[in-house]
Amino acid sequence: MRHVRTIDWVDGAIEMIDQTRLPDELVTLRITTVDELIAAIRRLAVRGAPALGVAGALGVVLARGDQEAIARLRAARPTAVNLAWAVDRVAGLPPAKALRAALRIRDDDIAACVAMGERGADLLEGDRLRIMTVCNTGGLACVERGTALGVVQTLHERGRLAEVLALETRPLLQGARLTTWELARMGAPHRLVVDSAGPYLLARGGVDAVLIGADRIAANGDVANKVGSYALALGAERAGVPFIVVAPESTVDAGTPTGEHIEIEDRGAEEVVSVRGVATAPEGTRAANPAFDVTPHDLVTAIVTESRVIRP
Ligand code: MRU
């Protein structure tokens, strides 16, 4: 499969796939200012923890030393630690070094995803694996290959993938819009399921492993990831199915002791009371919209990074 880079530095600007337009059309955005980048991050044109890290790093280059702009960029989304981590790594460097450091973060992500794919595929036992996943953890959430979906891709390349059950991932449908798009491009067999079917399908016995990504992993192994992950972890525990988190070392946040200390982004009600601009609830309906949840470490079978397997 040809790799389309989700985000890159091209001729002095950031180029990124506008993920809000998928699966309808593949549109590339060209971003030349930090304000444009912050808007793109907030509306999830670029999303997924590793891709947000690369966006943050390249955004510091666009900021050209403007500390106020860098601070706003760092805070554009609070849960995925990769954004703040990458901004901090590049901020403070002189311009020539900043670009080199940002490109290094991009290249490290490409290599890390290859390594996670291999390590994760090696960890799983069985030849015809049925994998359940939530949100989008593919190349669209990173630069080229993905984290959890990178493991799926490696399994598929090795002829060991039977099927992926992808959760829709309301409210913004990253699973329905993005993961199915990526799986189709890979030629990997898959079916889409509504989010609330996840735990029951695990109980019914049709899944060999749950693979998810992470936005932040606390020092004790608690995992913040897309809302719905916790329900899958509970269902997997009950069904005796391995629940495996795949994320780069940059997502492991030693400075956050437990999941309780992770800031969970709450987003607007409009995402819940409508689907792609069409109202699904009476006008004026209020909503709660946590974008992520926290899975306690005792429900996590293993965390796979580019350099190790952690068993919390
Ligand atoms: O709100 P999003 O789409 O940025 O949420 C993304 C996720 O929750 C992913 O699972 C996570 O960032 C890991 S991506 C490899």
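What share of the contacts in the chain with a separation of 6 or more comes from residues 24 or more positions apart? I looked that up before anything else in this predicted model, and got 76%.

**Overall build.** I counted 9 helices and 16 strands in the chain. The C-alpha atoms fit a box of roughly 55 × 50 × 40 Å along the principal axes. I then checked the radius of gyration: the chain has 18 Å, and a compact globule with 312 residues would be near 20 Å, so the two agree. Buried residues come to 50% of the 312 in the chain.

**Asp215.** I went to Asp215 next, since UniProt, in an unreviewed entry, puts the feature "active site" there. I found Asp215 in the loop that runs between strand 7 (209-212) and strand 8 (216-218). Buried or exposed, I wondered about Asp215? It has 30 C-beta neighbours inside 10 Å, and 20 are enough, so I noted Asp215 as buried. Skipping neighbours within four places in sequence, I listed Ala49, Thr79, Ala80, Ala224, Asn225, Thr251 and Phe292 as the contacts of Asp215.

**Around the ligand.** I got 19 residues around the ligand, with Arg47, Ala49, Ala141, Gly213 and Lys226 coming nearest. Helix 2 (49-63) and strand 9 (223-226) are the elements that give two or more residues each to this shell. Sorting the shell by class, I had 9 nonpolar, 7 polar and 3 charged residues. Which domains does the shell draw on? I saw at least three residues from each of domain 1 (7-112) and domain 2 (116-310). One overlap I jotted down: Ala49 is a contact of Asp215, and Ala49 is also among the residues nearest the ligand.

Definitions and conventions:
Residues are numbered from 1 along each chain as its sequence is written. This is a predicted model: local features need pLDDT of at least 70, side-chain atom pairs count only at pLDDT 80 or more; totals for chains, interfaces and linings use all residues. UniProt positions are given in the numbering used here, feature names are shortened, and annotations may be inferred rather than shown by experiment. Helices (H or I, at least four residues) and strands (E, at least two) are DSSP runs, numbered from the N terminus. A residue is buried if 20 or more other C-beta atoms lie within 10 Å of its own, exposed if 12 or fewer, and partly exposed in between; C-beta atoms are placed from the backbone. Two residues are in contact if their C-beta atoms, placed from the backbone, lie within 7 Å. A residue is near a molecule or strand if its C-beta atom, placed from the backbone, lies within 6 Å of it. Ala, Val, Leu, Ile, Met, Phe, Trp, Tyr, Cys and Pro count as nonpolar, Asp, Glu, Lys and Arg as charged, and the others, Gly among them, as polar. Domain bounds come from an automatic or database domain assignment. The radius of gyration is taken over C-alpha atoms; the globule rule is 2.2 Å times the number of residues to the power 0.38.
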